Every structure is written in structure tokens, then in C-alpha cells.
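Q: Please take a close look at the interior of this protein, starting with the cysteines. I would like to know what is packed inside, and how the parts outside it compare.

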Amino acid sequence: MFYCESVEVPADRGEIFTILSTSNTGKQLKVKIDTGARCNVLSKGDLQHIDPGAHVDHSHVVNLVAYGGQIIQTLGVTNVNFTCGTLQFHVVDSDVKPLLGLRDSVKLGFVQLGPNVHALQQGAPELTEYKDLFDCSTIGKLPVAYHMRLDPSVHPTICAPRRVPLAMKDKIIKELNRMTKLGVIKPVQEPTEWVSSMVAACKKDGAIRLCIDPVHLNKALLRPHHPMKTIEQVVADMPGAKVFSILDAKCGFWQVPLSEESSRLTTFMTPVGRYAFLRMPYGISTGSEVFQRCMEQLFEGQPCAIVVDDILIWGSTTEEHDLRLRQVMDRIRTVNLKLNPDKCRFRVSEVSYVGHLLTDQGIKPDPTKTDAVSSMPTPADKHDVQRFLGMTNYLSKFIPGYSKITAPLRQLLLQDVEWSWQEHHMAAFTRLKELLTSPPILQYFDVHQPVVVSADASQHALGAVCLQDNKPVAFASRALTETESRYAQIEKELLALVYACQKFHGYIYGHPVTIETDHHPLITILKKPLHLASARLQRMMLKLQRYNLNVVYKRGKELYLADALSRAHLPSTDGADTSEDYDVMTVEALSSRRTEELRQETRADHLCRRLSEIIAVGWPDSSKKLPHDLRQFYAIRDELTVDNGLLLRGQRFVIPHSLQRYYIRQLHQGHPGLEATKRRARETMFWPSMYQDIEHEISSSRCF
């Protein structure tokens with residue numbers, strides 16, 4: 001039961017405030033109840049006043065957009081214990097009123113929403129007349145139909161059903177019924193040539209997400225070629241623009257109907273039979289291009305632009321902006337598109353578009369695309385200099401007088417020269433960074449040119465670069481969080497790909513992209529069905545489904561730019577994915593007691609310990625570089641991970657030697673026969689000689 005001490009309403013302004021008391025210090029905080037805010041905000045000074053010892057998590061730094069478009073960068077987030085409960089606040093280093101956002105205002109009972117109320121961002125209060133466009137209980141249906149075209153040389157595939165946790169079956173059925181009621185899917189009775197596997201994921205709040213794993217269908221899909229607008233084309237349509245709004249479609253893919261023939265191609269297997277999508281499913285490789293093409297066709301001639309996957313409206317004055325906004329909203333209603341109120345932004349002063357900022361002051365370069373280089377830390381030793389020069393050497397043919405500029409730095413690498421960083425070294429280092437982050441070396445993004453993204457993960461950080469014609473378009477780097485630093489190397493490398501795609505979303509969404517990695521096992525695992533990967537890898541692979549990626553291997557010593565960025569990285573973890581993750585549902589094969597026993601035996605087993613160490617630091621490029629007893633795992637190295645002290649091959653437990661005979665006996669209980677015992681084993685566990693050991697145990701009757 002939540003409660004608060006008092007609520008007061010100032011007569012002069014009609015603003016609503018409440019007084020909250022901290023539970024540990026007893027100090028009071030007067031907060032404004034702001035139904036237009038999507039988060040709670042607290043100044044650094046107010047936080048120090050009410051709780052001087054409060055911890056601020058600086059890994060969660062975001063930009064807040066105030067009414068009128070003002071952008072405020074936060075210092076991080078903090079949790080404050082009040083007598084009414086624990087609340088999370090975004091902390092800012094400026095003199096602002098403490099704000100209690102809509103979500104916690106509703107949670108604490110200060111605000112009640114009626115059945116017909118839908119959240120609209122403050123800044124466009126007149127849009128309440130369009131509240132039907134923000135109705136979260138329905139899915140829009142655009143007046144188009146997507147017909148998939150297939151490569152006839154690719155043969156259809158029917159995937160077997162996957163097991164789901166018994167406790168989650170009812171929730172899955174409920175979500176299937178909900179999606180059927182919305183018109184997104186339908187049950188299928190007739191035979192179909194293509195059947196994909198279903199992937200079920202559970203959100204932290206208990207919500208279920210169902211999607212398909214169309215790994216085989218994607219190989220057959222022929223992609224439509226749809227060009228993105230150039231920055232010049234977008235800017236030419238908005239002279240004197242001062243005010244901007246961004247509109248985001250809710251479940252955009254689901255608002256694109258499929259033709260009847262294409263619907264059958266999306267058939268997927270569930271625990272209660274087969275279903276097919278009536279709308280375009282997430283996961284297909286052509287989805288982003290199809291959605292972008294549909295949006296541009298439907299909004300042709302309207303005073304707006306399709307910016308990647310959003311709708312951009314602008315005006316030279318607020319009045320002109322609002323007039324155009326209403327015109328676009330009327331068109332949205334006509335084509336039956338539904339919007340996501342949480343991601344729409346109204347009346348802001350700047351928006352980002354493929355490496356540029358469209359602002360009320362005109363077009364500007366986006367500084368975030370070069371921060372990873374311009375803020376690169378100063379070299380601390382010869383290895384750092386060597387790494388930096390490796391990066392600049394890659395681009396040296398574009399740098400006039402490169403040899404002369406780098407001469408002071410190259411002198412530091414001589415064997416008889418003692419390390420001493422002087423002003424002339426700093427001048428050369430700074431000059432090279434300036435050259436790397438400005439034309440002609442830094443390329444302006446060309447929507448007509450192919451895009452290559454290089455991504456790499458070091459022990460403590462991620463690095464990525466977006467390239468066109470071998471020239472950089474944008475750089476990115478960040479430190480790993482404490483949790484991410486404990487990932488296995490293959491997980492770090494996949495995280496680098498996810499980070500690169502999310503960081504360069506504006507450049508790559510809706511287009512085929514080549515991604516370079518120096519981790520060969522990653523290519524293998526990405527070509528396999530989702531269920532063969534560990535749960536953590538599956539979560540990251542799901543985030544990549546929206547992109548059309550061709551992941552290729554490039555030797556580490558040739559991945560100069562991404563490697564250097566991942567080692568001389570920005571100290572911040574800004575850019576770490578703080579969105580609400582979905583946990584992929586997996587069947588728990590062992591009880592908690594047996595799981596803990598397995599963890600302890602894995603820790604005690606010499607072979608398992610060494611295998612875990614190899615997985616953590618990364619595999620060598622040849623099995624010959626491994627100890628003889630670890631070579632047997634080399635062929636499946638892309639499937640091996642470590643999760644909370646347990647060794648996994650995909651979702652199967654790797655059983656240490658001390659428990660192998662016990663589990664054979666357990667599997668053979670009831671005497672199901674040799675093949676049935678093997679089938680039971682391969683569903684949940686693994687060790688290299690498992691099948692031979694099962695045959696030996698059963699044939700020698702040791703299990704009876």
C-alpha cells in the first residue's frame with residue numbers, strides 16, 4: 001500500500017505537487033506531478049540535499065528533451081527510498097524542479113487514466129483530437145500488400161517444433177490468441193511447403209513476445225531494391241526549418257498485410273499447431289526495405305519525409321509546423337497507420353539524419369559520429385602508439401604528407417628510444433585525429449554506395465566503424481559494463497555487432513550491409529537456427545533480425561580501425577543497450593539442486609575449467625595450438641558458452657566426467673532402449689564421447 005504525506009495545488013499556476021519523505025534520512029522532497037514526462041527527474045543539488053550518500057549509476061546516461069525541444073544530458077540514474085516506495089530518478093547537473101513522471105504518478109495513485117486516455121507527449125496538446133491514432137489496443141492496417149518473391153533454386157524447409165517450458169505454455173497460447181484477435185496471425189490447417197520455428201521470449205514484466213526464426217526462408221527471399229533519400233534531397237525540401245516532429249509507427253511491420261501466398265510462406269510451428277502471419281513478421285530479411293518503401297509510397301506528396309523508419313515533419317514557424325503536422329496526421333488516419341506514443345517527439349529543435357543534425361540553426365555535422373576518435377585517450381606506451389598508427393596507416397593514402405606528420409610518433413617506436421611523451425608527440429597525435437574526423441578522409445554518407453561496418457570487441461570495450469569506399473563515415477566505441485566484461489569472447493564479439501548496428505542504425509536500416517568480424521565462429525553460429533545458440537546469444541541475434549546483414553570474416557590484423565577503437569576506447573558505457581530485454585524461453589532440464597551440483601562439479605573438473613578459460617579469452621585460429629585434450633571441442637567451438645558457472649553447447653549442458661555415468665543411468669530409467677536414451681541425451685546434455693559411453697553402459701548392463 002503506497003501513501004504520501006500531502007498534495008498541494010498552487011492556485012496561481014494550476015500545477016500539482018506532492019511532498020515525498022525519504023525513508024533513510026527523513027528529509028522531504030517537493031516534486032511536481034508531470035503527466036507529460038516519461039521519466040522522473042532530479043537535480044544533483046536536490047539529490048545531495050535529501051540523500052548525500054546516494055549512488056548515481058553513470059552507465060545509464062541519456063538525453064532528456066524538454067518542452068520546446070531543449071536537450072538536457074543526464075549524469076546517470078539513482079534510486080531513492082521514500083516512505084511510499086523506491087523511485088528511480090534521472091539526475092541532471094542543472095537547476096530543475098524535481099519531476100514525477102506519468103508512470104510513477106499512476107503507480108502511486110496520484111493520477112488515474114480513463115479507458116479512452118492515451119499518452120501524448122507534452123508539447124503538442126492540441127493532438128488530443130488524434131487520440132485514435134495512438135490506440136494501443138489495435139494494430140493499423142496499411143492499404144498495401146506485400147508479395148514475397150523467392151529464389152526458385154532454394155528448396156523449402158520444414159522445421160521441427162521446439163520445446164517450450166511447460167509453465168509458459170498457457171502464456172504462449174494466450175499470446176497466440178491475442179495475435180489472432182488482432183489479425184496478425186491465423187491458424188493453419190492445410191499443408192504448407194515452408195514451416196519456420198517459433199521463438200518465444202519473455203519480457204521482465206512477464207509479457208510474451210512471439211516471433212519466427214526464418215533462417216531458411218531468408219536464404220530464399222529476393223530483396224526489393226529501394227533507395228534512401230540523400231541528405232541533400234531531405235534538406236532541399238525544408239528551407240528555413242526551425243521546428244520538427246518525429247512520428248514512430250507502432251509495430252510497423254505488423255501494419256503491412258501479406259498476400260495470401262506470402263502468408264503461407266510464414267507458417268510456423270507452435271506447441272498447439274501451426275499458424276501463419278497475415279502481416280509482415282519481424283525476422284524476415286526484406287522487412288525493413290519493404291516497410292520503408294510502403295511508407296514513402298503512402299506519404300508521397302505530403303509535407304513530411306520518411307527518415308529511416310520514422311516520419312519527419314518540419315516548419316519554419318510553430319504555426320506552419322502545426323498546420324503540416326495536422327495534414328500528416330489526417331493522412332495517417334486515412335491510411336490506417338497507428339503510432340507509438342512513447343517514441344513520438346513533438347516540436348523539437350533538432351533531429352539526427354545519417355550523420356547530420358537538422359537543427360533550428362541549419363544543418364550541422366553530428367558530433368557523435370566522430371567522438372570515438374576525437375576523444376580517443378592519449379597513448380600511454382609504445383603499444384598504444386603502435387595501435388594508433390596501425391589505424392592511421394590503413395587510411396594513409398588519403399592523408400597528404402602522412403610520413404612527415406607521423407614521424408615524431410614513429411620515433412617513439414624505435415628500440416633504442418625510451419618512452420617519453422612530449423608536446424611534439426601530442427601535436428602529431430592531435431593533428432592525425434583532426435584529419436581522421438574531417439573531410440576528405442571522413443566521408444559524407446552516400447545513400448547510393450554500399451556500406452561496410454567493421455566491429456570488434458577487446459577485453460574491456462567495443463569498437464566499430466562505418467565505411468564507404470574504404471573511407472570512414474562514422475566511428476563508435478564504448479566500454480563494456482561490468483556484466484558484459486564477463487561474457488565469453490563469442491558473446492562479446494556478437495555484442496560488438498549489435499552495438500555497431502544500433503549505433504549506425506540510420507545508415508544501415510533498410511539496406512543490405514556487409515559486417516566484418518575477426519571472430520570466425522561468429523559467422524558459423526549466425527548461419528544456424530536460433531535454438532542452437534545459448535539464450536544470451538539468442539537475445540542478441542533477435543536484435544539483429546531487423547537488419548539485412550552479410551557477416552564476413554576478416555583477419556584481426558586487417559581489422560585496423562575497429563580493433564584500435566575497441567582498445568583505445570571512450571571510457572563511458574553510454575550506448576549500452578538499456579532497453580527492456582526479452583529472455584528467450586528455454587526448457588529447464590535440471591532442478592535447482594542438480595543445477596548447483598553441476599556447477600560445483602564443473603568448477604572442480606580440470607578439463608572443464610580449462611575449457612571455460614579458452615571460451616572466455618577466445619579460441620586460437622588452429623586446433624593445433626590447443627592442448628591435445630581440448631582439440632576435441634574445436635569443431636563445435638562456435639556453440640560453446642559459459643553461463644553462470646555452467647558450460648553449455650547451445651542450450652545443452654556440458655557434463656563433467658564425474659557426473660557422466662550418473663546421467664546415463666538417469667536417462668535410461670524405465671529402459672527406453674538405446675536409441676531412445678540417445679535421443680533423450682542429445683536434447684539436454686553433451687560430452688564428446690556421450691554416445692559411445694551410452695552404448696557401453698547399456699550393452700554391459702551396468703545401468704540395470
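A: C294 has a relative accessibility of 5%, so it counts as buried. The model is a predicted one, and local features are taken up only where pLDDT is at least 70. C466 is buried as well, because its relative accessible area is 0%. A disulfide is a covalent bond between the sulfur atoms of two cysteines. A search of the whole structure finds zero disulfides; the cut-off for one is a pair of cysteine sulfur atoms within 2.5 Å.

As background for the interior, the protein has 704 residues, and 51% of them are buried. Its secondary structure comes to 22 helices and 30 strands. Among contacts with a separation of 6 or more, 70% are between residues 24 or more positions apart.

In soluble globular proteins, nonpolar side chains tend to be buried together. Here the largest nonpolar core holds 113 residues, and the members with the most contacts inside it are L247, F299, I311, I332, L337 and F504. The element that gives the most to this core is helix α13 (residues 489–503), with nine residues. Residues come from both domain 2 (166–359) and domain 4 (451–567), so the core lies between the two domains. Apart from this core there is another one, of 27 residues, which includes L389, I405, F429 and A564.

L337 shows what the packing looks like around one residue of the 113-residue core. Leaving out residues up to four places away in sequence, L337 touches L133, L142, A249, Q255, M295, F299, I311 and I332. Of these partners, F299, I311 and I332 are also on the list of residues with the most contacts inside the core.

F134 gives a further case of a long reach in sequence. This residue sits in the loop between α2 (102–107) and α3 (169–182). F134 counts as buried because its relative accessibility is 1%. From F134 to P341 the distance is 6.1 Å, C-alpha to C-alpha, although 207 residues separate them in sequence.

Next come the aromatic rings. A pair of them is described by the distance of the centres and the angle of the planes. The whole structure contains 15 aromatic pairs. In the pair of W254 and Y282, the ring centres are 6.4 Å apart and the planes stand at 55°, so this pair is tilted. W254 is in the loop between β12 (243–248) and α6 (260–265), and Y282 is in the loop between β14 (273–277) and α7 (287–298), so the pair ties together parts that are 28 residues apart in sequence. The burial of the two residues is not alike: W254 is buried at 9% relative accessible area, whereas Y282 is partly exposed at 27%. Ring pairs also join W254 and Y282 with F253 and F291 in a cluster.

Helix α11 (residues 402–411) has Y402, I405, T406, P408 and L409 as its buried residues. These lie on the same side of α11, because they cover an arc of only 145° around the axis. An α-helix has 3.6 residues a turn, so residues three or four places apart point the same way. The cover over the buried residues of α11 includes α10 (382–394) and α12 (423–436). One of the buried residues, I405, is also among the members of the 27-residue core.

Two residues stand out by backbone angle. Most residues other than glycine have a negative phi. R347, which is not a glycine, has a positive phi of about 55°. R347 belongs to strand β17 (residues 345–348) and is buried, with a relative accessible area of 15%. D469 is likewise not a glycine and has a positive phi of about 55°. D469, however, is in the loop between β22 (461–468) and β23 (471–479), and at 60% relative accessible area it is exposed.

Last is a residue of a later helix. E695 is part of helix α22 (residues 690–699). Its relative accessibility of 35% makes E695 partly exposed. Beyond its neighbours within four places in sequence, E695 is in contact with L674 and K678. Between E695 and T677 there are 9.4 Å, C-alpha to C-alpha, and the two are 18 residues apart in sequence.

Methods
Residues numbered from 1 in each chain as written. Predicted model: local features only at pLDDT ≥ 70, side-chain atom pairs only at ≥ 80, totals over all residues. Heavy atoms only, no water. Buried < 20%, exposed > 50% of the residue type's maximum accessible area, 1.4 Å probe, protein only. Helix = DSSP H or I, 4+ residues; strand = E, 2+ residues; numbered from the N terminus. Arc of directions from axis to C-beta. Contact = heavy atoms within 4.5 Å. Core = buried A, V, L, I, M, F, W, Y, C linked by side-chain atoms within 4.5 Å. Domains from an automatic or database assignment. Phe/Tyr/Trp six-rings, centres within 6.5 Å; stacked < 30°, edge-to-face > 60°.
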